[in-house]
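Let us take a friendly walk through this model, looking at its rings, its surface and its core.

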Amino acid sequence: KAKKWERRALQVAERHPFRVLYGIFAGLMVQNAVLFYWVFFAFDWNLVEPCTYFFGYTSATWFALMFYKYTGRESTYDATVEELTKRKFNKLAKKNDYVYAHVLAEFRHKEGVLLQELERLGAEPPEDAS
(Lines give C-alpha, C1' and ligand atoms only; values in the text may rest on other atoms or scores of the structure.)
Protein backbone atom coordinates (compact mmCIF):
# COMPACT_ATOMS: atom_id res chain seq x y z
CA LYS A 1 0.00 0.00 0.00
CA ALA A 2 2.84 2.40 0.81
CA LYS A 3 4.52 1.82 -2.56
CA LYS A 4 1.22 2.38 -4.37
CA TRP A 5 0.68 5.64 -2.50
CA GLU A 6 4.27 6.69 -3.17
CA ARG A 7 3.87 6.04 -6.91
CA ARG A 8 0.64 8.03 -7.04
CA ALA A 9 2.09 10.93 -5.02
CA LEU A 10 5.16 10.98 -7.26
CA GLN A 11 2.93 11.20 -10.35
CA VAL A 12 1.08 14.15 -8.84
CA ALA A 13 4.34 15.77 -7.76
CA GLU A 14 5.89 15.39 -11.22
CA ARG A 15 2.97 17.24 -12.84
CA HIS A 16 3.07 20.09 -10.32
CA PRO A 17 6.14 21.99 -11.66
CA PHE A 18 4.59 22.33 -15.09
CA ARG A 19 1.43 23.83 -13.62
CA VAL A 20 3.58 26.37 -11.80
CA LEU A 21 5.58 27.11 -14.94
CA TYR A 22 2.38 27.54 -16.98
CA GLY A 23 1.21 30.00 -14.32
CA ILE A 24 4.45 31.93 -14.63
CA PHE A 25 4.07 31.93 -18.41
CA ALA A 26 0.52 33.27 -18.08
CA GLY A 27 1.81 36.02 -15.78
CA LEU A 28 4.44 36.97 -18.33
CA MET A 29 1.80 37.12 -21.05
CA VAL A 30 -0.27 39.50 -18.91
CA GLN A 31 2.86 41.59 -18.34
CA ASN A 32 3.48 41.70 -22.11
CA ALA A 33 -0.11 42.76 -22.75
CA VAL A 34 0.16 45.59 -20.21
CA LEU A 35 3.48 46.73 -21.65
CA PHE A 36 2.03 46.57 -25.19
CA TYR A 37 -0.86 48.77 -24.07
CA TRP A 38 1.52 51.20 -22.37
CA VAL A 39 3.79 51.48 -25.43
CA PHE A 40 1.20 51.86 -28.16
CA PHE A 41 -1.80 53.45 -26.43
CA ALA A 42 -1.06 55.02 -23.04
CA PHE A 43 2.56 56.19 -22.99
CA ASP A 44 5.61 56.23 -25.20
CA TRP A 45 8.45 53.73 -25.65
CA ASN A 46 10.87 56.17 -24.00
CA LEU A 47 8.90 55.91 -20.78
CA VAL A 48 8.09 52.20 -20.98
CA GLU A 49 11.56 50.92 -21.91
CA PRO A 50 13.06 51.52 -18.44
CA CYS A 51 10.01 49.82 -16.91
CA THR A 52 10.62 46.69 -19.00
CA TYR A 53 14.21 46.48 -17.81
CA PHE A 54 13.16 47.13 -14.22
CA PHE A 55 10.42 44.45 -14.25
CA GLY A 56 12.47 41.88 -16.13
CA TYR A 57 15.81 42.17 -14.39
CA THR A 58 14.40 42.73 -10.93
CA SER A 59 12.11 39.70 -11.03
CA ALA A 60 14.73 37.41 -12.58
CA THR A 61 17.43 38.53 -10.14
CA TRP A 62 15.19 38.15 -7.09
CA PHE A 63 14.04 34.72 -8.24
CA ALA A 64 17.64 33.57 -8.71
CA LEU A 65 18.72 34.96 -5.33
CA MET A 66 15.78 33.45 -3.44
CA PHE A 67 16.15 30.11 -5.22
CA TYR A 68 19.82 29.96 -4.22
CA LYS A 69 19.03 31.05 -0.66
CA TYR A 70 16.41 28.32 -0.13
CA THR A 71 18.02 25.48 -2.11
CA GLY A 72 21.75 26.23 -2.31
CA ARG A 73 21.61 25.47 -6.04
CA GLU A 74 21.93 27.51 -9.20
CA SER A 75 18.55 28.44 -10.66
CA THR A 76 18.38 26.43 -13.87
CA TYR A 77 15.26 24.99 -15.48
CA ASP A 78 16.09 21.41 -14.41
CA ALA A 79 16.92 22.47 -10.85
CA THR A 80 13.66 24.42 -10.61
CA VAL A 81 11.61 21.45 -11.85
CA GLU A 82 13.39 19.07 -9.44
CA GLU A 83 12.92 21.41 -6.50
CA LEU A 84 9.21 21.98 -7.22
CA THR A 85 8.69 18.22 -7.58
CA LYS A 86 10.50 17.49 -4.32
CA ARG A 87 8.58 20.18 -2.43
CA LYS A 88 5.21 18.95 -3.71
CA PHE A 89 6.03 15.32 -2.82
CA ASN A 90 7.15 16.32 0.68
CA LYS A 91 3.98 18.40 1.13
CA LEU A 92 1.81 15.44 0.07
CA ALA A 93 3.75 13.10 2.36
CA LYS A 94 3.34 15.44 5.31
CA LYS A 95 -0.37 15.91 4.59
CA ASN A 96 -0.95 12.14 4.51
CA ASP A 97 1.45 11.24 7.35
CA TYR A 98 3.36 9.07 4.87
CA VAL A 99 6.76 9.76 6.40
CA TYR A 100 5.49 9.05 9.90
CA ALA A 101 3.79 5.83 8.84
CA HIS A 102 6.86 4.71 6.90
CA VAL A 103 9.20 5.38 9.83
CA LEU A 104 6.79 3.73 12.27
CA ALA A 105 6.57 0.59 10.12
CA GLU A 106 10.36 0.44 9.90
CA PHE A 107 10.63 0.89 13.68
CA ARG A 108 8.09 -1.90 14.32
CA HIS A 109 10.04 -4.21 12.03
CA LYS A 110 13.33 -3.50 13.82
CA GLU A 111 11.61 -3.90 17.18
CA GLY A 112 10.36 -7.35 16.10
CA VAL A 113 13.83 -8.36 14.94
CA LEU A 114 15.35 -7.25 18.26
CA LEU A 115 12.71 -9.14 20.27
CA GLN A 116 13.40 -12.29 18.26
CA GLU A 117 17.12 -11.87 18.88
CA LEU A 118 16.51 -11.45 22.63
CA GLU A 119 14.34 -14.56 22.62
CA ARG A 120 17.01 -16.49 20.73
CA LEU A 121 19.62 -15.47 23.26
CA GLY A 122 17.36 -16.54 26.13
CA ALA A 123 16.96 -13.07 27.61
CA GLU A 124 13.68 -11.77 28.92
CA PRO A 125 12.07 -9.13 26.73
CA PRO A 126 11.18 -5.85 28.43
CA GLU A 127 7.74 -5.70 30.01
CA ASP A 128 6.43 -2.90 27.77
CA ALA A 129 7.53 -4.61 24.53
CA SER A 130 4.70 -5.60 22.22
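## Reading exposure

A residue counts as buried under 20% relative accessible area, as exposed over 50%, and as partly exposed in between. With a relative accessible area of 45%, tyrosine 53 is therefore partly exposed. Please keep in mind that this is a predicted model.

## Aromatic pairs

Aromatic rings are a good place to begin. A pair of aromatic rings is described by the distance of the centres and the angle of the planes. Eight aromatic pairs are found in the structure. One of them joins phenylalanine 36 to phenylalanine 40, with 4.7 Å from centre to centre and 50 degrees between the planes, a tilted arrangement. These two phenylalanines, 36 and 40, are four residues apart in helix 1 (residues 2-42), so about one helical turn separates them. Phenylalanine 36 is partly exposed at 49% relative accessible area, whereas phenylalanine 40 reaches 55% and counts as exposed.

Tyrosine 53 and tyrosine 57 form another aromatic pair, this one stacked, with 5.8 Å between the centres and 15 degrees between the planes. Helix 2 (residues 45-71) holds both tyrosine 53 and tyrosine 57, four residues apart, so they too are separated by about one helical turn. Tyrosine 57 is exposed, at a relative accessible area of 55%, while tyrosine 53, at 45%, is partly exposed.

## A ring cluster and a charge over a ring

Which residues do ring pairs link into a cluster? They are Phe36, Tyr37, Phe40 and Phe41. Phe36 and Phe40 are the tilted pair described above.

A ring can also meet a charge here: the charged end of lysine 69 sits over the ring of tyrosine 70, at 4.6 Å from the ring centre.

## A nonpolar surface patch

Ile24, Phe25, Leu28 and Met29 make a nonpolar patch of about 380 Å² on the surface. Methionine 29, one of these residues, has its place in helix 1. Its relative accessibility is 39%, so methionine 29 counts as partly exposed. A patch residue needs over 30% relative accessible area, and methionine 29 has 39%.

## The largest nonpolar core

Turning inward, which residues make up the largest nonpolar core? The five residues are Ala9, Val12, Ala13, Phe89 and Leu92. Two or more residues of this core come from each of helix 1 and helix 3 (77-95). Helix 1 gives the most to the core, namely three residues.

Notes
Residues are numbered from 1 along each chain as its sequence is written. This is a predicted model: local features need pLDDT of at least 70, side-chain atom pairs count only at pLDDT 80 or more; totals for chains, interfaces and linings use all residues. Side-chain values use heavy atoms; hydrogens and water are left out. Rings of Phe, Tyr and Trp (its six-membered ring) pair if their centres lie within 6.5 Å; planes under 30 degrees apart count as stacked, over 60 as edge-to-face and the rest as tilted. Buried means under 20% relative accessible area, exposed over 50%, partly exposed in between (1.4 Å probe, protein chains only). A charge sits over a ring if NZ of Lys or CZ of Arg is within 6 Å of the ring centre and within 35 degrees of the ring normal. Patches are made of residues with over 30% relative accessible area and no salt bridge: like charges are joined within 9 Å, nonpolar side chains (Val, Leu, Ile, Met, Phe, Trp, Tyr) within 5 Å. Accessible areas come from the Shrake-Rupley method with a 1.4 Å probe; for residues, only the protein chains shown count as cover. A salt bridge is a side-chain nitrogen of Lys or Arg within 4 Å of a carboxyl oxygen of Asp or Glu. A nonpolar core is a set of buried Ala, Val, Leu, Ile, Met, Phe, Trp, Tyr and Cys residues joined through side-chain atoms within 4.5 Å.
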